[in-house]
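Visitor: I should like to examine this model with you and to hear the reasoning behind each term you apply to it. May we begin?

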Amino acid sequence: QRWRISQFQSNYIDYHFCALHENWRQWIQLMNGMYAHTATRTYLINSPTFANDIAEITRQMLSDLFLQLYSLWRNQVIRGGGEIDDPRVHVLELQKMMIDIIDDTDALLSYFEHYRLDEWLYNARAYGGDEEEKDYFEMNARNLITRWGPNAEITEYASREWNGLMSNYYRQRWIMFFNGASNDELDEFEIEFQYETVDDLQLDDNRQGNVNDFTDFYKALKLISKKYNDLLDCKQRKNN
């Protein structure tokens, strides 16, 4: 149970990761080709639908890559005797790569209002008639996308990979896990997160102005595509 990414849902995917990577790579090629022409550049910059689709595919590709890296990390740690503080460099490198994926996903999704935790929480608070009720609605909004229930009855059931949630919740929880935190310590962190307020979120101020600014989004996407496309090698499967 300790090694499961989710305590509720299976991590199994029913498609080959390289098939998704090839699809993502073709989207990146399309983006680069269209962006090179002035006539279509304006369309790309002002099309939230196109930007949303390519962001969603990128998010899924990074999520699946995270799972691949976690499997490698898990096997290395078990092989080393089950110690999470294994000093071997490749274990630490895998941990860094996983945290990088969380950070890059968080940054990429900051450009979309509907992928932002702060927007989700502000909308929940808007239904409250006073501060006490606003806090109550925010607590429920946090609970829905994390523990789902007062005692984490079906935790992760409605999990989201959103800007703000990745950096303030999942990043912190994974670092605790890598540092050998107990299940009780992880549980305590999750509970405390339920009762924080949106004002406690640690968000890059620069990202607040990025919403719907797809010029900056494509610049960020190009950096991410170069970083991870160079890391992945699906050529063998393609040739087969």
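Visitor: How many salt bridges does the structure hold?

Guide: The structure, which is a predicted model, holds 16 salt bridges.

Visitor: What makes the contact of R25 and E22 a salt bridge?

Guide: The criterion is a side-chain nitrogen of Lys or Arg within 4 Å of a carboxyl oxygen of Asp or Glu. For R25 and E22 the distance from N to O is 2.6 Å, so the pair qualifies as a salt bridge. R25 and E22 are 3 residues apart in helix 1 (residues 17-35), and therefore about one helical turn separates them.

Visitor: Why is the pair R59 and E56 also called a salt bridge?

Guide: The side chains of R59 and E56 meet at 2.8 Å, N to O, and the limit is 4 Å. Both residues belong to helix 3 (residues 48-79), where they lie 3 residues apart, about one turn of the helix.

Visitor: Which of the words "buried" and "partly exposed" applies to R59, and which to E56?

Guide: Buried means under 20% relative accessible area, and partly exposed covers the range from there up to 50%. R59 has 10% relative accessibility and therefore counts as buried. E56 stands at 28%, so E56 counts as partly exposed.

Visitor: How do you know that R173 forms a salt bridge with E156?

Guide: The closest N and O atoms of R173 and E156 are 2.7 Å apart, and the cut-off is 4 Å. R173 lies in helix 7 (residues 165-178), whereas E156 lies in the loop between helix 6 (131-144) and helix 7, so the pair ties together parts that are 17 residues apart in sequence. Both R173 and E156 are buried. Elsewhere, R125, E131, D135, E138 and R142 are joined into one network by salt bridges that share partners.

Visitor: Why is E156 called buried, and what is noted about its phi?

Guide: The relative accessible area of E156 is 7%; the limit for a buried residue is under 20%, so E156 meets it. E156 also has a positive phi of about 75°, although E156 is not a glycine. W148 likewise is not a glycine and has a positive phi, of about 50°. W148 lies in the loop between helix 6 and helix 7, and that loop is also the place of E156.

Visitor: How many aromatic pairs does a search of the whole structure find?

Guide: The search finds 21 aromatic pairs. One of them is formed by W148 and Y157, with 4.9 Å from centre to centre and 70° between the planes. Ring centres must lie within 6.5 Å, and planes over 60 degrees apart count as edge-to-face, so this pair is edge-to-face. W148, at 30% relative accessibility, counts as partly exposed, and Y157, at 42%, counts as partly exposed too.

Visitor: What makes the pair of Y169 and F193 tilted?

Guide: The centres of Y169 and F193 are 4.7 Å apart and their planes meet at 50°. Stacked planes are under 30 degrees apart and edge-to-face planes over 60, so this pair falls into the remaining class, tilted. The pair links distant parts of the chain, with Y169 in helix 7 and F193 in helix 8 (residues 183-194), 24 residues apart. Both Y169 and F193 are buried.

Visitor: How do you know that the charged end of R142 sits over the ring of F193?

Guide: The charged end of R142 is 4.6 Å from the centre of that ring. The distance limit is 6 Å, and the position must also fall within 35 degrees of the ring normal. R142 is classed as sitting over the ring of F193.

Visitor: Which residues touch the most other members of the largest nonpolar core?

Guide: That core has 59 residues, of which W73, W174, F217 and Y218 touch the most other members. Helix 3 gives the most to this core, with 13 residues. W73 and W174 also belong to one aromatic cluster with F66, Y70, F177 and F178.

Visitor: What does the secondary structure of the chain come to, and what share of its residues count as buried?

Guide: The chain comes to 10 helices and 0 strands. Of its 240 residues, 43% count as buried.

Note on methods. Residues numbered from 1 in each chain as written. Predicted model: local features only at pLDDT ≥ 70, side-chain atom pairs only at ≥ 80, totals over all residues. Heavy atoms only, no water. Helix = DSSP H or I, 4+ residues; strand = E, 2+ residues; numbered from the N terminus. Buried < 20%, exposed > 50% of the residue type's maximum accessible area, 1.4 Å probe, protein only. Phe/Tyr/Trp six-rings, centres within 6.5 Å; stacked < 30°, edge-to-face > 60°. Core = buried A, V, L, I, M, F, W, Y, C linked by side-chain atoms within 4.5 Å.
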